[in-house]
Amino acid sequence: MIWNTNLRWRLPVVCLLLEVVMIVLFGVFVRYDMDADPHWVEEKAIKNLTTDLENEFYYRYPSFQDVHVMIFVGFGFLMTFLQRYGYSSVGFNFLLAAFGIQWALLMQGWLHSFDGRYILVNEGLINADFCVGSVCVAFGAVLGKVSPVQLLIMTLLQVTLFSVNEYILLNLLEVKDAGGSMTIHAFGAYFGLTVAWILYRPNLNQSEERKSSVYHSDLFAMIGTLFLWMYWPSFNSAISNHGDAQHRAVINTYCSLAACVLTSVALSSALHRTGKLDMVHIQNASLAGGVGLGTVAELMILPFGSLLIGFICGIVSTLGFVYLTPFLESRLRIQDTCGVHNLHGLPGIIGGVAGAVIASIANIDLYGEEGLAYTFGVERSKTSWNPNMQGRLQAAGLFVSLAMALVGGIIVGVILRLPFWGQPPDENCFDDAVYWE
Amino acid sequence: MIWNTNLRWRLPVVCLLLEVVMIVLFGVFVRYDMDADPHWVEEKAIKNLTTDLENEFYYRYPSFQDVHVMIFVGFGFLMTFLQRYGYSSVGFNFLLAAFGIQWALLMQGWLHSFDGRYILVNEGLINADFCVGSVCVAFGAVLGKVSPVQLLIMTLLQVTLFSVNEYILLNLLEVKDAGGSMTIHAFGAYFGLTVAWILYRPNLNQSEERKSSVYHSDLFAMIGTLFLWMYWPSFNSAISNHGDAQHRAVINTYCSLAACVLTSVALSSALHRTGKLDMVHIQNASLAGGVGLGTVAELMILPFGSLLIGFICGIVSTLGFVYLTPFLESRLRIQDTCGVHNLHGLPGIIGGVAGAVIASIANIDLYGEEGLAYTFGVERSKTSWNPNMQGRLQAAGLFVSLAMALVGGIIVGVILRLPFWGQPPDENCFDDAVYWE
Amino acid sequence: MIWNTNLRWRLPVVCLLLEVVMIVLFGVFVRYDMDADPHWVEEKAIKNLTTDLENEFYYRYPSFQDVHVMIFVGFGFLMTFLQRYGYSSVGFNFLLAAFGIQWALLMQGWLHSFDGRYILVNEGLINADFCVGSVCVAFGAVLGKVSPVQLLIMTLLQVTLFSVNEYILLNLLEVKDAGGSMTIHAFGAYFGLTVAWILYRPNLNQSEERKSSVYHSDLFAMIGTLFLWMYWPSFNSAISNHGDAQHRAVINTYCSLAACVLTSVALSSALHRTGKLDMVHIQNASLAGGVGLGTVAELMILPFGSLLIGFICGIVSTLGFVYLTPFLESRLRIQDTCGVHNLHGLPGIIGGVAGAVIASIANIDLYGEEGLAYTFGVERSKTSWNPNMQGRLQAAGLFVSLAMALVGGIIVGVILRLPFWGQPPDENCFDDAVYWE
């Protein structure tokens, strides 16, 4: 198929239009939360706070910055493994994330922090970054095959769907999902895979040679991998309750990620004829432990439970790269450029299931009476709460996320199939030269 | 012109001499502030502090580290876009910043935290990094055309001028300039441009081919861009008042930077014949929103106001790269290697003007009575304070910064023109081979 | 010698076995410390804590993340300077560190936080990272000449030895060693050098050409250098006492590192025939100031004392690269790939000696009575404490570390010499192709 890839007016118009809409909506709706408002000095006196440190800023800011690095450097550079698509990997990720966080602030604001008149913005910036994280995941599935205009439209729609799904899970089903195994990773991956399925290109082999890496492109990708890996404890703990919950989420994620590296290396070597390691596995499967730990991060899974999840995720993810990705492409017509199914899809499901199991066995011995109520936020909802019910709600949350991803992915995929978005022809996929000077 | 580029004795002597002077001056003048002194345990009891967290360290350290990354990795790698000048970009930036922070601790110490006998050093390390930031900006203008000896001399003199200018603005005029639109960016850019003007090389086209980038050098530069972009909220909030001011500065900067990416992309595409994007714009113009937000970061500009500044800065900066930089070189004989005029000069002026406007419309409705006093630090100065006057002082601060930059730049430029600093001949500019093994 | 480098079953079996052992041991021994346990809510009430911020998490987490970056990105990328060994440098460092932190949590746990039944884990994650830091140092000495199986075995044994040595120094001798000049750097370096001595390869010149760098590999290495350099203040302050001690350690390390850059540059230029700089010196010697400051970081060395140590370390380290490394290889048969003797060995000794000197001149004038007790942790041990004795204990600690490194290195080296670990033949050293697809 021949498409016109000249973006001269399409891209500028879409960017400027979206940004003008953002400015107008921010002008109408967005104000500072009390913690970021000059009236906080007075609030502090009223609430009798003894220290400026009680400003939520100091609890969250270091974690926020780590998450920020994961979105922009982590995801951006992870995708630079393609030999001639580094500008687009980093550049388009930058563009979609910069737009996505603005739209996410609005969507999440309307659903979670709307006081009837204004959205009150504070360190909820973290949530906007989280939301965009799911778009970065989906981007990995369609990487190299879409135009920046398509990416902006996908971002607009996916952020919307994400926010609705997140609202259903967190506010209606009241599930726990600290690190977003379900809301971010499983949703993002299956949404992206569905879009990739709709956008299937039977003749993509025409750009096959550019789909591989070269020596230095793999080192750039390792920058992405390592910043994702190192800061994942911040990701999984960023929005947890103050104190022990944040602390525990960090320890659990740290353990899971460490175990995951060893099983990724083990499987990578075991599955090669002469035992050599594959950079693709090291770059990706070593992160699966962070994804799989997302839902249970702040729960009482104990350190060995975290190691176990990392252990399993590393194995499943590496097996996925070796056996499942080729199968998806040849049989199910799903071309998953970065293997997001192995890094975010399967581990996301493992995380959701683990969450259901761990929640259902929660008890006062493990958590203490106050601790149980605090961890599951019980006092603020219903007294009829019990762990078993929580477990079933967690499972329901996983199904809702997958259903939203599939249905949403089909709708968005169909929209992105329209022939005027400037998408590249098959022989120019994975090539920066189409969109970059 | 033929210069001798053998630095064998010049560079070592300058480095060792400067460092010995630093050690002597630190020995005579520098001691720990109470927050970093073992007597703090006693101080804590006297002040009746309930928690160790009241040590200023915990308020500032995460922001400090982010700023530190911006200076060394951010600025250093941003300049690696040149195909054969990566060692020098990162290495000389490292050298000048390492020296500059020491001299800045002394200069700023004498002017701001001298107790009559000693300079008391604490998390004011941030201010030293800020000061050096302005030298990194100026370095961008002369990049590739000067020797490390020249850079050390420029750093010595620019840090001195910066500190005096900062003292005039912050202590005499009492302007607000949290993120340094005026003191760091506008001052640094116009200082550097003036030096570049004095050092004009009419035959620089002899090294033209090395002035462009290659594929991987542009990816290295994106590492710099992204760390600058991600940590800019820390930059603009690092020295703000505790609590809401730091929090607000982060939100504002985050918004401005996000908007700026969209307009940079829009303009980059719109200004290309077939709509292709230019890495130079993505690397640089996407950061202009952080510069433009510097002065107003902690003021009540509201989130949509921040978006608007980012929107404008992205447009102005990209237009600058396309039209103004060639004009400056051909007509005004200013060879601006990195285009600092577009990233720091113009957005710095926008930031200064925005500061004057926003300060002049401050009022009790927006800030609350206590909030207004706290934000503008009124109680500690005069009761005759009013927003209108503050606005005029802000405007005066911008003019003073520009004047200092021009006059200082001429003086320093003339000194750097002396023929014995080991500067490279025209045909060896932008080439690591001159100074690196 | 001909070795079989096919790792197909050896590497997977070792990885999986080690990880299964970890899971079992964690299951039996590791639980959350109170600060990371849901019972903390109750504890908070009992202890009458007024703010969630009193959770140790908030004191340590930002520093922990910085240290984490140093271990994985810092050490990993620092070693990518080799032109064809980037995958292994980053990848094997990733593997050994991921395993090492798990084993370190157990070893250090048994020795330091074992309550008779359980190891209680908390922000002590930092200590696990520290311990692994010493393995990364040793890795630098044997880089390119060992297989990943050998590295895992070395990690297992070195972490064990490190923990015992650390226990002797910190608990029995009660020395101060905040940033680990002795326990991490001197121990790691001399352990690694001893292993390299045992593994001496007389025909290593067969892979000589790959031992050098290429243009881009040196830029990748600078990423490692800069993250190590920037975050070193966090390293040296991460486990110091709350408040002034952490604050002071940051200031001292910042000063030392800054001075070190200038003397590294000066010596690098002075030692070259035409005054050119050598990237190896800039990448490594500029960090020696952080190593040398490790023991005294939290002591009253005063800022000028820190500058002085950095000054000396930069000179010694650069001289080491130019004169000592060739001497070690040709005369002592020690092939030190990364020059860890110059970056960690000599500066580690300087740091240990400085610690002995500075401790022995401690007095109440400098520290205050309470400050002296708090800094040296006197109240919790003996009343017969005096600075002179502390100085002698510090010196003893240095000797113990060196002795442990030599004896341990010989034992581990002999084990690693066994011919079935998949080590590369002489002509394939420093080559990713042996172990990577």
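Reader: How much area do chain B and chain C bury between them?
Author: About 6300 Å², of which 73% is on carbon and sulfur atoms. Buried area here is the accessible area (1.4 Å probe) that two parts lose on being put together, summed over both. The model is predicted: local features need pLDDT of at least 70, side-chain atom pairs count only at pLDDT 80 or more, and totals for chains, interfaces and linings use all residues. Residues are numbered from 1 along each chain as its sequence is written, chains are lettered from A in the order in which they are written, and side-chain values use heavy atoms, with hydrogens and water left out.

Reader: Which three residues supply more of chain B's share than any other three?
Author: Tyr32(B), Tyr87(B) and Phe94(B), with 12% of the area that chain B buries against chain C.

Reader: And how many residues does the contact take from each chain?
Author: Chain B gives 75 residues and chain C gives 72 residues, where contact means heavy atoms within 4.5 Å.

Reader: How many salt bridges across that interface?
Author: Zero, taking a salt bridge as a side-chain nitrogen of Lys or Arg within 4 Å of a carboxyl oxygen of Asp or Glu.

Reader: Changing topic, what turn lays chain B on chain A?
Author: A turn of 120°, with a shift of 0.0 Å along the axis and an RMSD of 0.0 Å. The two copies are thus related as by a three-fold rotation axis. Superposition is by least squares on the C-alpha atoms of residues with pLDDT of at least 70 in both.

Reader: Which C-alpha of chain B is nearest the axis?
Author: That of Pro62(B), 3.7 Å from the axis.
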